[in-house]
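This report covers strand pairing and two residues picked out for a closer look. Please view the model alongside the text.

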Amino acid sequence: MERKNTRKLREGVVQSNKMDKTVTVRVERRMPHPRLGKVIKLSKKYYAHTDEKIEVGTRVKIQETRPLSKLKRWRVVEVA
């Protein structure tokens with residue numbers, strides 16, 4: 001029986017690379033305001049694991065993974 005890959009993928013911009021093997025990625029999403037209907041931008045920060053040094057401002061793709069530390073649950077899959 002095959003196991004389906006149900007891990008989430010997100011794309012965002014690196015905000016911080018000051019930690020060792022960890023980057024902070026800001027992911028933006030757009031959605032209509034519940035009452036006004038105007039499209040607004042919402043953003044969220046994720047801590048992602050990486051082995052290479054990635055510059056601030058670089059677009060990356062991150063994938064959900066098992067818990068790696070207290071806050072890290074994502075890893076960098078691709079540097080765009």
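Start with K38. Leaving aside neighbours within four places in sequence, K38 is in contact with M31, P32 and H33; contact means heavy atoms within 4.5 Å. K38 is found in the loop between β2 and β3. Helices (H or I, at least four residues) and strands (E, at least two) are DSSP runs, numbered from the N terminus. K38 is exposed, with a relative accessible area of 58%. The classes are buried under 20% relative accessible area, exposed over 50% and partly exposed in between (1.4 Å probe, protein chains only). K38 and E52 are 14 residues apart in sequence, yet 39 Å apart in space, C-alpha to C-alpha.

The model is predicted: local features need pLDDT of at least 70, side-chain atom pairs count only at pLDDT 80 or more, and totals for chains, interfaces and linings use all residues. Residues are numbered from 1 along each chain as its sequence is written, and side-chain values use heavy atoms, with hydrogens and water left out.

Now the strands. A closed barrel of five strands runs β1-β2-β3-β5-β4, with mixed pairing. The twist averages 50° from one strand to the next. Axes here are lines fitted to C-alpha atoms, for helices over the stretch in contact, and angles run from 0 to 180 degrees between N-to-C directions. Two strands pair if DSSP finds at least two bridges between them. The table lists three antiparallel pairs.

| Pair | Bridges | Residues standing opposite |
|---|---|---|
| β1 (residues 9-19) and β4 (residues 59-64) | five bridges | L9 and Q63 in β4 |
| β1 and β2 (residues 22-32) | four bridges | V13 and R26 in β2 |
| β2 and β3 (residues 39-49) | eleven bridges | T24 and Y47 in β3 |

β1 and β2 form a hairpin with two residues between them. In that turn, K21 has a positive phi of about 65°.

Is T22 buried or exposed? T22 counts as buried, because its relative accessibility is 8%. This residue is found in strand β2. T22 touches S16, N17, Y47, A48, T50 and K72, not counting residues up to four places away in sequence. With K72 there is also a polar contact: the side chains of T22 and K72 are joined at 3.0 Å. A polar contact is a pair of N or O atoms within 3.5 Å; within protein, one must be able to donate a hydrogen and the other to accept it, and residues adjacent in sequence count only if both atoms are side-chain atoms.
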